[in-house]
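Visitor: Hi! I have a new structure open and could use some company while I look around. Could you walk me through it?

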Amino acid sequence: MYHIPSNKFKIYAKGQISKYIGRKFNWQNGGCLSVVKDYLYDKTNIKIKDYIVGEDSNNNKILDNYKNEGFIKVEDFQENDILIFNIRERYHIAIYLGNSLILHQPRNRDSLVNDLSNYERYLFYILRHKSLF
């Protein structure tokens with residue numbers, strides 16, 4: 001992936017995450033949480049409960065429950081961390097892939113990989129599951 005602002009290529013193993021890229025956005029399947037849940041479970045066997053997230057909600061179910069799910073707030077980035085962003089008073093969730101890349105499901109768009117620098121100013125929490133320490 002070429003990152004224009006840094007004028008550098010960022011490497012990620014597309015074959016390992018291709019099944020998560022290009023998913024259609026769907027509120028009934030959990031909105032932006034869906035791709036994060038599936039990826040995290042497939043890669044680490046960490047299961048996050050199904051939270052009903054509606055179009056009118058502020059999507060803060062994971063914020064309200066992250067401790068109960070076994071996550072701890074941290075200050076540094078590590079592969080498989082959950083990133084919570086606060087974008088215009090709405091929360092958004094992504095998974096950190098490493099190498100400054102995130103996998104996420106933007107609202108009403110297909111899931112994709114982006115450079116973290118595109119979203120870093122909105123970063124609210126970095127959450128790591130207790131089993132990943």
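Guide: Happily, and one term will help straight away: a charge sits over a ring if NZ of Lys or CZ of Arg is within 6 Å of the ring centre and within 35 degrees of the ring normal. Here Arg128 lies over the face of Phe133, at 5.5 Å from the ring centre.

Visitor: Before we go on, what kind of model is this?

Guide: This is a predicted model, where local features need pLDDT of at least 70 and side-chain atom pairs count only at pLDDT 80 or more, while totals for chains, interfaces and linings use all residues. Residues are numbered from 1 along each chain as its sequence is written, and side-chain values use heavy atoms, with hydrogens and water left out.

Visitor: Thanks! How many helices and strands does the protein have?

Guide: There are 3 helices and 8 strands; helices (H or I, at least four residues) and strands (E, at least two) are DSSP runs, numbered from the N terminus. Along the sequence the pattern is β-β-α-α-α-β-β-β-β-β-β.

Visitor: And how much of the protein is buried?

Guide: Buried residues make up 47% of the 133 residues. Buried means under 20% relative accessible area, exposed over 50%, and partly exposed in between (1.4 Å probe, protein chains only).

Visitor: Let's pick a helix. What can you say about helix 2?

Guide: Helix 2 has 12 residues and reaches 16 Å from its first C-alpha to its last, close to the 16 Å expected at 1.5 Å a residue. That expected span is 1.5 Å times one less than the number of residues. Helix 2 is followed by Asn45, whose phi is positive, near 65 degrees.

Visitor: Which residues of helix 2 are buried?

Guide: They are Leu33, Ser34, Val35, Val36, Lys37, Tyr39 and Leu40. Take Val36: it counts as buried because its relative accessibility is 0%.

Visitor: What does Val36 touch, away from its sequence neighbours?

Guide: Leaving aside neighbours within four places in sequence, Val36 is in contact (heavy atoms within 4.5 Å) with Ile82, Ile93, Ala94, Ile95 and Leu103. Val36 and Asp81 are 45 residues apart in sequence, and their C-alpha atoms are 9.9 Å apart in space.

Visitor: What about Asn80, buried or exposed?

Guide: Asn80 is buried, with a relative accessible area of 11%. Asn80 lies in the loop between strand 3 and strand 4 (82-87), and beyond its neighbours within four places in sequence its contacts include Tyr39, Leu40, Ile95 and Leu132.

Visitor: Changing topic: how many aromatic pairs are there?

Guide: The structure holds 6. Rings of Phe, Tyr and Trp (its six-membered ring) pair if their centres lie within 6.5 Å; planes under 30 degrees apart count as stacked, over 60 as edge-to-face and the rest as tilted. Tyr20 and Tyr39 form an edge-to-face pair, 5.2 Å centre to centre with 75 degrees between the planes. Tyr20 lies in the loop between helix 1 (14-17) and helix 2 and Tyr39 in helix 2, so the pair ties together parts that are 19 residues apart in sequence. Both Tyr20 and Tyr39 are buried.

Visitor: Nice. Got another pair for me?

Guide: Sure: Tyr66 and Tyr125 are also edge-to-face, at 5.8 Å centre to centre and 65 degrees between the planes. This pair links distant parts of the chain, with Tyr66 in the loop between helix 3 (61-65) and strand 3 (71-74) and Tyr125 in strand 8 (residues 123-129), 59 residues apart.

Visitor: Which residues form an aromatic cluster with Tyr66?

Guide: Tyr66, Tyr91, Phe124 and Tyr125 form one aromatic cluster.
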